[in-house]
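Thank you all for coming; I would like to walk you slowly through one structure today. Please have a look at the sequence and the model before I start.

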Amino acid sequence: MIQKQDCFLLGRIAKTHNLDGTLLMILDADQPEYYKSIKMFFAEINNQLMPFFVEKIKIAGTIAFVKPESFSSAAEAEILIG
């Protein structure tokens, strides 16, 4: 199991972006474009890190629009907000 101290904070998920489960993530990175091909990220849920695979990602400045493979609606993705 991966531990939080083995990871780094990339940003925070601010809200859902549209009805297909895409998330709006605010990046805390000096070079956000470096993450345009990210394949997976971890999110903390109930004090546990959970992996999420990225279906698609679009970077616009310090904002990332991330569509996880595991979500098909905004309601499902809301668990990751914050």
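Let me begin with a question for the room: is Tyr34 buried or exposed? Before I answer, please keep in mind that what you see is a predicted model, and that every value I mention was computed from it. Tyr34 is exposed, because its relative accessible area is 61%, and the cut-off for that word is over 50%. Its sequence neighbour tells another story, since Tyr35 has a relative accessible area of 17% and is therefore buried, the limit for buried being under 20%.

Let me stay with these two residues and turn to the aromatic rings. By the pairing rule used here, the count comes to four aromatic pairs. One of them joins Tyr34 and Tyr35, whose ring centres are 5.2 Å apart and whose planes stand at 90°, so this pair is edge-to-face. Ring pairs also bring in Phe8, so that Phe8, Tyr34 and Tyr35 are linked into a cluster.

What kind of pair do Phe41 and Phe52 make? Their ring centres lie 5.6 Å apart with the planes at 25°, and the pair is therefore stacked. Phe41 belongs to strand S3, which covers residues 40-45, while Phe52 belongs to strand S4, so the pair ties together parts that are eleven residues apart in sequence. As for their surroundings, Phe41 is buried because its relative accessibility is 9%, and Phe52, with a relative accessibility of 9%, counts as buried too.

Moving one place along the chain, we come to Phe53, which also sits in strand S4, a strand that runs over residues 48-60. Phe53 counts as partly exposed, because its relative accessibility is 45%. Together with Ile2, Met40 and Phe42, Phe53 makes a nonpolar surface patch of about 320 Å².

Finally, I would like to turn to Ala14, which is found in strand S1, residues 11-16. With a relative accessible area of 26%, Ala14 is partly exposed. Which residues does Ala14 contact, once its neighbours within four places in sequence are left aside? Those contacts are with Leu24, Ile26 and Ile81. As for its distance from Pro51, the two residues are 37 residues apart along the chain, and their C-alpha atoms are separated by 18 Å.

To close, let me return to the opening pair: Tyr34 is exposed and Tyr35 is buried, and their rings meet edge-to-face.

Technical notes:
Residues are numbered from 1 along each chain as its sequence is written. This is a predicted model: local features need pLDDT of at least 70, side-chain atom pairs count only at pLDDT 80 or more; totals for chains, interfaces and linings use all residues. Side-chain values use heavy atoms; hydrogens and water are left out. Patches are made of residues with over 30% relative accessible area and no salt bridge: like charges are joined within 9 Å, nonpolar side chains (Val, Leu, Ile, Met, Phe, Trp, Tyr) within 5 Å. Accessible areas come from the Shrake-Rupley method with a 1.4 Å probe; for residues, only the protein chains shown count as cover. A salt bridge is a side-chain nitrogen of Lys or Arg within 4 Å of a carboxyl oxygen of Asp or Glu. Helices (H or I, at least four residues) and strands (E, at least two) are DSSP runs, numbered from the N terminus. Buried means under 20% relative accessible area, exposed over 50%, partly exposed in between (1.4 Å probe, protein chains only). Contact means heavy atoms within 4.5 Å. Rings of Phe, Tyr and Trp (its six-membered ring) pair if their centres lie within 6.5 Å; planes under 30 degrees apart count as stacked, over 60 as edge-to-face and the rest as tilted.
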